[in-house]
Amino acid sequence: MNNKLRRGSEKAWRFGAAFLFTLLIWQLIGYMTATEYLQLYDQMEGKVIWEEPIQEGETFYHEYVHSVSLSPVREYYKMNAEGNMVAIESWVQSFGAGLPYERKDKLLYIDGFYVIEEERDVEELTIMPSSLFPHSFYLKEHTVDLTAYEGHKLRIRIVRQ
């Protein structure tokens with residue numbers, strides 16, 4: 001192979017390697033500067049109905065009246081360092097009928113609620129609000145009334161953008 005051809009293929013290889021390296025750097029910068037958002041997604045409508053940036057350690061919860069026991073339920077979650085949703089506490093006033101029914105290691109009684117502390121990863125949470133009883137979602141100073149979405153499957157999830 002002559003020198004001109006060899007130099008041309010070396011230049012092409014170097015250009016390709018530099019291009020791939022630059023692409024990798026842009027991907028890394030995009031990943032490092034991405035922001036996590038807590039989203040309420042309406043599966044029926046196929047659209048996001050609410051979203052807000054969320055930071056590591058921030059907690060959020062949804063509160064509803066259980067359809068069988070007719071008692072309030074609060075389920076608390078947080079975002080961990082990896083940007084994943086983690087269930088941390090359930091506040092209930094009764095047990096069974098779709099509510100916790102086993103004694104856990106950390107069970108407290110606070111203001112008329114049994115507080116069950118148990119951390120577990122949750123990919124996303126699917127809920128189906130009803131207009132029979134109030135159903136609300138809370139993050140920081142934000143409150144979202146979910147009752148208006150009766151019959152809609154809503155997903156609570158953390159997404160990276």
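This is a conversation about reading the strands, sheets, burial and salt bridges of one predicted model.

Colleague: Let's begin with the overall layout. How many helices and strands does the chain have?

Modeller: Keep in mind that this is a predicted model. The secondary structure amounts to 1 helix and 11 strands. Reading from the N terminus, the order of elements is α-β-β-β-β-β-β-β-β-β-β-β.

Colleague: How are the strands arranged into sheets?

Modeller: The general idea comes before the case. Strands of a sheet pair through backbone hydrogen bonds, and the pairing is either parallel or antiparallel. Here, one open sheet has 7 strands in the order β6-β7-β5-β4-β3-β9-β10, paired antiparallel. At its edges stand β6 (106-110) and β10 (142-145), each with a single partner strand, so one side of each lacks a neighbour in the sheet. From one strand to the next, the twist averages 20°.

Colleague: And what is the strand order in the open sheet of 4 strands?

Modeller: That order is β2-β1-β11-β8, again with antiparallel pairing. Its edge strands are β2 (47-53) and β8 (125-127); each has a single partner strand, so one side of each is left without a neighbour in the sheet. The twist in this sheet averages 25° from one strand to the next.

Colleague: Could you show me individual pairings? How many bridges join β9 to β10?

Modeller: Strand β9 (residues 135-139) is joined to β10 by 4 bridges, and the two run antiparallel. To find one of them in the viewer, start from Y138, whose bridge partner in β10 is T143. In the other sheet, β1 and strand β11 (residues 154-160) pair in the antiparallel sense over 7 bridges. There you can start from Q39, whose bridge partner in β11 is R157.

Colleague: Let's stay with Q39. Is Q39 buried or exposed?

Modeller: The way to judge this is by relative accessible area, with buried meaning under 20%. Q39 has a relative accessible area of 4%, so Q39 counts as buried. This residue is found in strand β1 (residues 36-42).

Colleague: Which residues does Q39 touch, leaving out those up to four places away in sequence?

Modeller: Q39 touches V48, W50, E51, R155, I156, R157, V159 and Q161. With E51 there is also a polar contact, side chain to side chain, at 2.9 Å. For a sense of spacing, take I54: Q39 and I54 are 15 residues apart in sequence, and their C-alpha atoms are 9.6 Å apart in space.

Colleague: How do burial and contacts look over the chain?

Modeller: Of the 161 residues in the chain, 35% are buried. Among contacts with a separation of 6 or more, 52% are between residues 24 or more positions apart. The accessible surface of the chain is about 10,700 Å², and carbon and sulfur atoms account for 53% of that surface.

Colleague: Now the charged pairs. How many salt bridges are there?

Modeller: The cut-off to keep in mind is a Lys or Arg side-chain nitrogen within 4 Å of an Asp or Glu carboxyl oxygen. By this rule, the count is 5. One of them joins the side chains of E36 and R160, at 2.4 Å from N to O. That pair links distant parts of the chain, with E36 in strand β1 and R160 in strand β11, 124 residues apart.

Colleague: What is the exposure of E36 and R160?

Modeller: E36 is buried, with a relative accessible area of 12%, whereas R160 is partly exposed at 36%.

Colleague: Where do K140 and E58 sit in the chain?

Modeller: Their side chains meet in a salt bridge at 3.7 Å, N to O. K140 is in the loop between β9 and β10, while E58 is in the loop between β2 and β3 (59-65), 82 residues apart. K140 has 46% relative accessibility, so K140 counts as partly exposed.

Colleague: And what links K78 and E119?

Modeller: The side chains of K78 and E119 also meet in a salt bridge, at 3.5 Å from N to O. This pair, too, links distant parts of the chain: K78 is in strand β4 (residues 72-79) and E119 in strand β7 (residues 113-122), 41 residues apart. K78 is partly exposed, with a relative accessible area of 23%, while E119 counts as exposed at 56%.

How values were computed: Residues numbered from 1 in each chain as written. Predicted model: local features only at pLDDT ≥ 70, side-chain atom pairs only at ≥ 80, totals over all residues. Heavy atoms only, no water. Buried < 20%, exposed > 50% of the residue type's maximum accessible area, 1.4 Å probe, protein only. Contact = heavy atoms within 4.5 Å. Polar contact = N/O pair within 3.5 Å; in protein donor to acceptor, adjacent residues only side chain to side chain. Pairing = 2+ DSSP bridges. Axes fitted to C-alpha atoms, helices over the stretch in contact; angles between N-to-C directions. Areas by Shrake-Rupley, 256 points an atom, 1.4 Å probe, with all protein chains shown as cover.
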